[in-house]
Amino acid sequence: MSTPLPQEAVPLHMTGDSTVHAAIRHVASRLAATVGVCIVIAAFLTAMRGASISVNLVYSLCIGVCCYSFIDGARFLSARWHWRHAPGSPEAKASWPGWVWMVSCVVLGTVCGYAVGTRLGDLITGMSSSMLFRYGWRPYAMTLAFSLLVAITCTYFFYARARIAAIHAKAEAAQRVVAQTQLKLLESQLEPHMLFNTLANLRVLIALDPPRAQAMLDRLIAFLRATLSASRGAGMHPLSAEFERTCDYLALMQVRMGERLTTQLELPDELAAQPVPPLLLQPLVENAIQHGLEPHRGGGRIHVVASREGNDLVLSVRDTGAGLDPRHRSQGTGFGTQQVRERLATVYGARASFTLEPAEGGGTRATLRLPLPQA
Amino acid sequence: MPETAAHAATALIAEDESLLAEALRAELLAQWPQLDVLAIAPDGDAALQQALALKPDVLFLDIRMPGRSGLEAAQAIVEDWPEDRPLPLIVYVTAYDQYALQAFETAAADYLLKPVQPQRLAATCRRLQATLAQRVSSPGPHGAALDDLLAPLRALLARPDPGGPVSHAPQGRLQVIQGGAGNTVHLVPVAQVIYFESADKYVRVVSQERELLIRQSMRDLIPQLDPTVFWQVHRGTVVRADAIETATRDDTGRITLKLRGRPEKLAVSRLYAHLFRAM
């Protein structure tokens, strides 16, 4: 899916499928609505004044279509002008040039449209509308005012319809972004490289060491179940469960990395029941392995500790790996850590924090600080 | 020492996960009993060392390894491979990397997906055997045959981030180099740089007046340079094309560059020799 262009910079008639086809479709639909209105007016006039329906229809259509062409043409041109001369101005945001300009367009368009339309009607019917002037300026002004009223109503209708369509498009785009983020989150947690390497190891172990393969499969099942339920936005779970899931992940990695990975997890009993959002630790542990230990030739150690500091629950993940890249800082701005920050902010607001820093003696330390519920 | 036609094919496996490496060795033994797997290298640097020491006919290279990636190891191996030996056939092994897979397809390089499927490995073995047999019947990696081997690797290396686990955001072109020397920071416009040379984790920036060290790897630097202005001629050397005066080929086929404004000469690796053909 292509990234939607920034809404601000695109004229309304170019959003969505910005093709000539779409523009033609828009014009055709407005023209059809105009023709419909003209037919209704002709019928109305026939009922009121009783003249021939075909004559009324010819005049009504000529004037209506001319008015539409002049108004929409003027609107398009003035929007274009704004777009070209002041691309940042609100008038340039859409093909809607603003009410002041639009009213001028409608008045001017109606006067011109009315003049040209009656001439056209005269040509077709062979009659002469200048007869109207024989009765003074009043009938003329009345017809013009009537045309103006119709033009304003129609313009407002088209305006409202375009606005609703734009709001719809915006809502749809927002929904797409949400869905994409969710998919990306799931993919970042179910990192395909990790998954297929794990499966490759499993495939080997099935022949080599069936009991160990079975144990590995059980870990994988628990890991997948936790990942899927967390991506569906499950509530909180006890810290002990979070440590178990982290343990599953580390056990899977240990089968793959062998002696290159040693792990140590410390969870004091009194903190085991503390509720935490699911899979909060896992992205940090995954980061430590992916960026810290996997690229490090000698491998290293991962140390996960939960502790209490005052009224805070402190979770820290420390690795002895490659360390933070001084230039990229990809660990601090990457999708995984950004997700951790966002989830903390959603659940705890400003009372939680997340830091990523070089650890003493090499490697990296990630620290989560969460408020403990007040006893 | 003449190579006999009967010599059994040899291979090197580079894979950091020992279970997978052993499994590949076992599967190869079953499918191609005559193939002698000389060693298993646990990372990219070991792969380079052992490949150059053992000179196998076939290399199975995992893409994501600690240290050098599989592609970086392949580049170094091809560049440092002795001139009088035919280049090894390279099979890349990867768990998942959609961009790499695309690259493998377009580069026509042979690759295996983990978990390795026996039928797929059998097909790869048949292809390798056919290529090796052809080599024995018409030895000498000359002309088109050599380029058939080098072109896929060149195509793979030309990807923005060959084999790395981190995908970088697209960067703008570098305009000015800022390099520290003592307490002073020297600013050198990129257009005045004659060549860049990698030195461990640093890059040496050489202009007519001075040399600077910058804390950046060659891999990170290259995407920030205009490839039409700066040519990579070796895994560790990028040179400004209009600073090259002559390219001279010696008896063994090695190309050296003579520069305008610098006395030193630069070596061109066989991977980039195609850049220096007379028009």
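In what order do the strands of the open, parallel sheet of five strands in chain B stand? In this predicted model, the order is β2-β1-β3-β4-β5, and the strands pair in the parallel sense. At the edges stand β2 (36-41) and β5 (110-113) of chain B, each of which pairs on one side only. Direction ignored, neighbouring strands of this sheet are turned by 20° against each other on average. Within the sheet, β1(B) is joined to strand β3 (residues 58-62) of chain B by four bridges in the parallel sense. Ala14(B) has Leu61(B) of β3(B) opposite.

Chain B also holds an open sheet of three strands, in the order β13-β14-β15, with antiparallel pairing. Its edges are formed by β13 (244-249) and β15 (265-268) of chain B; each has a single partner strand, so one side of each is left without a neighbour in the sheet. From one strand to the next, the twist averages 25°. The antiparallel pair of β13(B) and strand β14 (residues 255-259) of chain B is held by five bridges, and Thr246(B) has Lys258(B) in β14(B) as its bridge partner. On the other side of β14(B), the pairing with β15(B) is also antiparallel and runs over four bridges. Here Thr256(B) is partnered by Ala267(B) in β15(B). β14(B) and β15(B) form a hairpin with five residues between the two strands, and Gly261(B) in the turn has a positive phi of about 90°.

In a regular strand, side chains alternate between the two faces of the sheet. Such alternation is found along β15(B). Leu266(B) and Val268(B) point to one face and are buried, whereas Lys265(B) and Ala267(B) point to the other and are not buried.

As a whole, chain B contains seven helices and 15 strands. Of its 279 residues, 34% are buried. Among contacts in chain B with a separation of 6 or more, 57% are between residues 24 or more positions apart. Chain A has 10 helices and seven strands, and 33% of its 375 residues count as buried. For contacts in chain A between residues at least 6 apart in sequence, the share that joins residues at least 24 apart is 72%.

The largest nonpolar core has 85 residues. The residues with the most contacts inside this core include Val285(A) from chain A, together with Ala14(B), Leu61(B) and Tyr92(B) from chain B. Helix α7 (residues 239-257) of chain A gives the most to the core, with eight residues. Leaving aside residues up to four places away in sequence, Tyr92(B) touches Leu61(B), Ile63(B), Gly70(B), Phe104(B), Ala109(B) and Tyr111(B). Another core, of 21 residues, lies apart from the largest one; Cys62(A), Phe70(A), Ala74(A) and Met102(A) are among its members.

Ser69(A) has its place in helix α2 (residues 53-85) of chain A. This residue counts as partly exposed because 18 C-beta neighbours lie inside 10 Å, whereas a buried residue requires 20 or more. Although Ser69(A) and Thr110(A) are 41 residues apart along the chain, their C-alpha atoms are separated by 9.6 Å.

Between the two chains, 19 residues of chain B are in contact with 20 residues of chain A. On the side of chain B that touches chain A, helix α1 (residues 18-31) of chain B gives the most, with four residues. The residues on this side of chain B comprise nine nonpolar, three polar and seven charged. For the complex, the predictor gives an ipTM of 0.79 and a pTM of 0.69.

The mean pLDDT of chain B is 85, with 89% of its residues at 70 or more. Among the elements of chain B, strand β1 (residues 10-14) has the highest mean pLDDT, 96, and helix α4 (residues 98-107) the lowest, 70. Residues 1-5 of chain B stay under 50 in pLDDT, and the model has one contact beyond four places in sequence for them. The pLDDT is also below 50 over residues 162-169 of chain B, a stretch with 19 contacts in the model beyond near neighbours in sequence.

Conventions. Residues are numbered from 1 along each chain as its sequence is written. Chains are lettered from A and ligands numbered from 1 in the order in which they are written. This is a predicted model: local features need pLDDT of at least 70, side-chain atom pairs count only at pLDDT 80 or more; totals for chains, interfaces and linings use all residues. Two strands pair if DSSP finds at least two bridges between them. Axes are lines fitted to C-alpha atoms, for helices over the stretch in contact, and angles run from 0 to 180 degrees between N-to-C directions. A nonpolar core is a set of buried Ala, Val, Leu, Ile, Met, Phe, Trp, Tyr and Cys residues joined through C-beta atoms within 7 Å. A residue is buried if 20 or more other C-beta atoms lie within 10 Å of its own, exposed if 12 or fewer, and partly exposed in between; C-beta atoms are placed from the backbone. Two residues are in contact if their C-beta atoms, placed from the backbone, lie within 7 Å. Ala, Val, Leu, Ile, Met, Phe, Trp, Tyr, Cys and Pro count as nonpolar, Asp, Glu, Lys and Arg as charged, and the others, Gly among them, as polar. pLDDT is the predictor's confidence in each residue, from 0 to 100.
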